[in-house]
Amino acid sequence: TSLVAAPACGAPDTRIVTPQGPRRLADLKAGDEVWSIHRGELAIVPIAMARRIPVANHEVVRVTLDGGASFEMRAAHPLADGRPVGALVPGDALGDRTVVEVSTVPYAFDATYDIRPDSDSGTYFVLGVALGSTIDGAQAEAAKTVARRVARARMALAPERTCRACS
């Protein structure tokens, strides 16, 4: 049972592929760059939105890949192809990786996390596996609009500082 109706998100220590190397999901914020698929090509894009949702008494799916690496996501979290993580079975191919084990485990953290890359696909990569985001494009656009308005308001309060990106 979740504390809130938690969206399908991941563990804080999930390693997201960035241009600087793998980074913890919980450490990423809007503006940080990640690898994504944009216009059908692999691309480096900024994160449009990052989200943390408190949870309690929670379960996730642990997916173990060939080589022993694993990641944990809620069962409903989408893969890039739209399938939920919970639908994976041993033997499934995920890019050049193969699923060797899928199990439901108690969640050891107090919150789940997700990001929305600023790409047309909204995908990001964990251990070479392309995942979708649970944050839809409209939510991400709304967050970017609010961020731009806040930046403009800050500039109006401090006119001696200029920000070309804000105008």
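**Figure 1. Burial and surface of the chain.** Of the 167 residues in this predicted model, 40% are buried. The accessible surface of the chain amounts to about 8,800 Å², and carbon and sulfur atoms account for 53% of that surface. Counting contacts between residues at least 6 apart in sequence, 61% join residues at least 24 apart.

**Figure 2. Order of the secondary structure elements.** The chain contains 11 strands and 1 helix. Read from the N terminus, the order is β-β-β-β-β-β-β-β-β-β-β-α, with the helix after the strands. Strands and helix that appear in the close-ups below include E2 (residues 21-24), E3 (33-38) and E4 (41-54), E5 (59-65), E6 (residues 70-73), E7 (93-94), and E11 (129-131) with helix H1 (137-157).

**Figure 3. The second largest pocket and its lining.** The space in the second largest pocket is about 180 Å³. Its lining consists of 13 residues, and those nearest the centre of the pocket are Asp13, Thr14, Ser70, Phe71 and Glu72. By residue type, the lining splits into 7 nonpolar, 4 charged and 2 polar residues. Strand E6 (residues 70-73) is the element that gives the most to this lining, namely 3 residues. Asp13 and Thr14, which are among the residues nearest the pocket centre, are also touched by Arg24, the residue shown in Figure 4.

**Figure 4. Arg24 in strand E2.** Arg24 belongs to strand E2 (residues 21-24). Its relative accessible area is 30%, so Arg24 ranks as partly exposed. Apart from residues up to four places away in sequence, Arg24 touches Pro12, Asp13, Thr14 and Arg15. For one of these, Asp13, the C-alpha atom is 4.9 Å from that of Arg24, although the two residues are 11 apart along the chain.

**Figure 5. Val34 in strand E3.** Val34 is part of strand E3. With a relative accessible area of 0%, Val34 is buried, because the cut-off for that class is under 20%. When neighbours within four places in sequence are set aside, its contacts are Ile16, Val17, Thr18, Pro19, Leu28, Ala43, Ile44, Val45, Ile47, Ile115 and Pro117. The C-alpha atoms of Val34 and Gln20 are 8.7 Å apart, and the two residues are separated by 14 in sequence.

**Figure 6. Two residues with positive phi, Arg39 and Asn57.** Arg39 is not a glycine, yet its phi is positive, at about 55 degrees. Arg39 sits in the loop that joins strand E3 (33-38) to strand E4 (41-54), and its relative accessible area of 68% makes it exposed. Asn57, also a residue other than glycine, has a positive phi near 50 degrees. The loop that holds Asn57 runs between E4 and strand E5 (59-65). Asn57 is exposed as well, at a relative accessible area of 67%.

**Figure 7. Ala87 in the loop between E6 and E7.** Ala87 lies in the loop between E6 and strand E7 (93-94). A relative accessibility of 43% places Ala87 in the partly exposed class. From the C-alpha atom of Ala87 to that of Ala76 the distance is 8.5 Å; in sequence these residues are 11 apart.

**Figure 8. The aromatic pair Tyr107 and Phe109.** The chain has 1 aromatic pair. The ring centres of Tyr107 and Phe109 are 5.4 Å apart and the planes meet at 65 degrees, so the pair is edge-to-face; the cut-off for this class is over 60 degrees. Tyr107 is buried, with a relative accessible area of 9%, whereas Phe109 is partly exposed, at 32%.

**Figure 9. Ile135 ahead of helix H1.** Ile135 occupies the loop between strand E11 (129-131) and helix H1 (137-157). Ile135 is buried, with a relative accessible area of 0%. Its C-alpha atom is separated by 7.0 Å from that of Ile115, a residue 20 places away along the chain. Ile115 is also one of the contacts of Val34, shown in Figure 5.

Note on methods:
Residues numbered from 1 in each chain as written. Predicted model: local features only at pLDDT ≥ 70, side-chain atom pairs only at ≥ 80, totals over all residues. Heavy atoms only, no water. 1 Å grid on protein atoms, 1.4 Å probe; cavity = no way out; pocket = protein on both sides within 12 Å on 5 of 7 lines; lining within 4 Å. Points joined across faces, edges and corners; volume = space filled by probe spheres on them. Helix = DSSP H or I, 4+ residues; strand = E, 2+ residues; numbered from the N terminus. Nonpolar A, V, L, I, M, F, W, Y, C, P; charged D, E, K, R; others polar. Buried < 20%, exposed > 50% of the residue type's maximum accessible area, 1.4 Å probe, protein only. Contact = heavy atoms within 4.5 Å. Areas by Shrake-Rupley, 256 points an atom, 1.4 Å probe, with all protein chains shown as cover. Phe/Tyr/Trp six-rings, centres within 6.5 Å; stacked < 30°, edge-to-face > 60°.
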